[in-house]
Amino acid sequence: LKLPLIGSALRAIGYVPAKTKSILDVLTKKEESVGLTLDGIAGMFQQDPTAEKVWLLERKKICEISLQTGCPIVPVYGFGHTTAYSVFTDPFGILEKLSTKLNVSLVIFFGRWGWPLGPMRRVPVTVAFGDPILAERVEKPSQNQIDE
């Protein structure tokens, strides 16, 4: 949300940075729900048209936030969404490292008709919703509680 025009437009429709403080503010002060894509920038560079890959095991902060606020986590995944776009990744991983360091995605993606930044390909996407994972509110959760 650091880009001048794009950041302002996204904030105007309710987007917040995927940072702990911002998410806690929304969940506690505004009492609203938050939707996250947990694999974020790292996940953008894990493209494989033959398999659904998720960059998830390193993303435990959301579990800590859930415990701190007592808000449930509802797992949702869209099977097939990774084929809606093709992502250009350089063979040396420079774009991935730079994107991670700058905290902004520096990817070129191709959609329908091979257009860069174009519309999504028309592919079937099946959205699966899991049962809510309930969390009792814990002011300062331990690492064991977070891992659980």
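At what angle do helix α2 and helix α4 pack, and how far apart are their axes? Let us keep that question in mind while we take a quick look at the whole chain.

What you have in front of you is a predicted model. The mean pLDDT of the protein chain is 84, and 98% of its residues reach 70 or more. That confidence varies along the chain: among its elements, helix α3 (residues 40-44) has the lowest mean pLDDT, at 76, while strand β4 (residues 126-129) has the highest, at 93. As a general caution, where pLDDT is low, the predicted coordinates should not be read in detail.

Now for the overall layout. The protein chain contains six helices and four strands. If you trace the elements from the N terminus, you will meet them in the order α-α-α-α-β-β-α-β-β-α. Taken along the principal axes, the C-alpha atoms fill a box of roughly 50 × 35 × 30 Å. Of the 148 residues in the protein chain, 20% are buried. Contacts also reach across the sequence: among those between residues at least 6 apart, 64% join residues at least 24 apart.

With that picture in place, we can return to the opening question. Helix α2 spans residues 20-28 and helix α4 spans residues 61-69; they pack at an angle of about 35°, and their axes are 11 Å apart. The crossing in which α2 passes α4 is right-handed. To find this contact on screen, look in α2 for Thr20, Ile23, Leu24, Leu27 and Thr28, which meet Lys61, Ile65, Gln68 and Thr69 of α4. Sorted by class, the residues in this contact are four nonpolar, four polar and one charged.

Which residues of α2 are buried? They are Ser22, Ile23, Val26 and Leu27. These residues lie on the same side of α2, because they cover an arc of only 125° around the axis. Helix α4 is part of what covers them. Two of the names may look familiar: Ile23 and Leu27 are listed among the buried residues of α2, and Ile23 and Leu27 also take part in the contact with α4.

Next, follow the chain out of α2 and into the loop between α2 and α3, where Glu31 is found. Glu31 is not a glycine, yet it has a positive phi of about 50°. That deserves a glance, because most residues other than glycine have a negative phi. Is Glu31 buried or exposed? With a relative accessible area of 67%, Glu31 is exposed.

A second residue of this kind lies in the loop between β3 (108-110) and β4, and it is Trp113. Phi of Trp113 is near 65°, again a positive value in a residue other than glycine. Trp113 counts as exposed, at 58% relative accessibility.

Our last stop is Glu96, which sits in helix α5 (residues 94-102). What does Glu96 touch, leaving aside residues up to four places away in sequence? Its partners are Ala42, Phe45, Gln46 and Asp90. Take the pair formed with Ala42: Glu96 and Ala42 are 54 residues apart in sequence, but 7.2 Å apart in space, C-alpha to C-alpha. Glu96 itself is partly exposed, with a relative accessible area of 25%.

Conventions: Residues are numbered from 1 along each chain as its sequence is written. This is a predicted model: local features need pLDDT of at least 70, side-chain atom pairs count only at pLDDT 80 or more; totals for chains, interfaces and linings use all residues. Side-chain values use heavy atoms; hydrogens and water are left out. Axes are lines fitted to C-alpha atoms, for helices over the stretch in contact, and angles run from 0 to 180 degrees between N-to-C directions. A crossing is left-handed if the near helix is turned anticlockwise from the far one by less than a right angle, and right-handed if clockwise. Contact means heavy atoms within 4.5 Å. Ala, Val, Leu, Ile, Met, Phe, Trp, Tyr, Cys and Pro count as nonpolar, Asp, Glu, Lys and Arg as charged, and the others, Gly among them, as polar. Buried means under 20% relative accessible area, exposed over 50%, partly exposed in between (1.4 Å probe, protein chains only). The arc is that of the directions from the helix axis to the C-beta atoms. pLDDT is the predictor's confidence in each residue, from 0 to 100.
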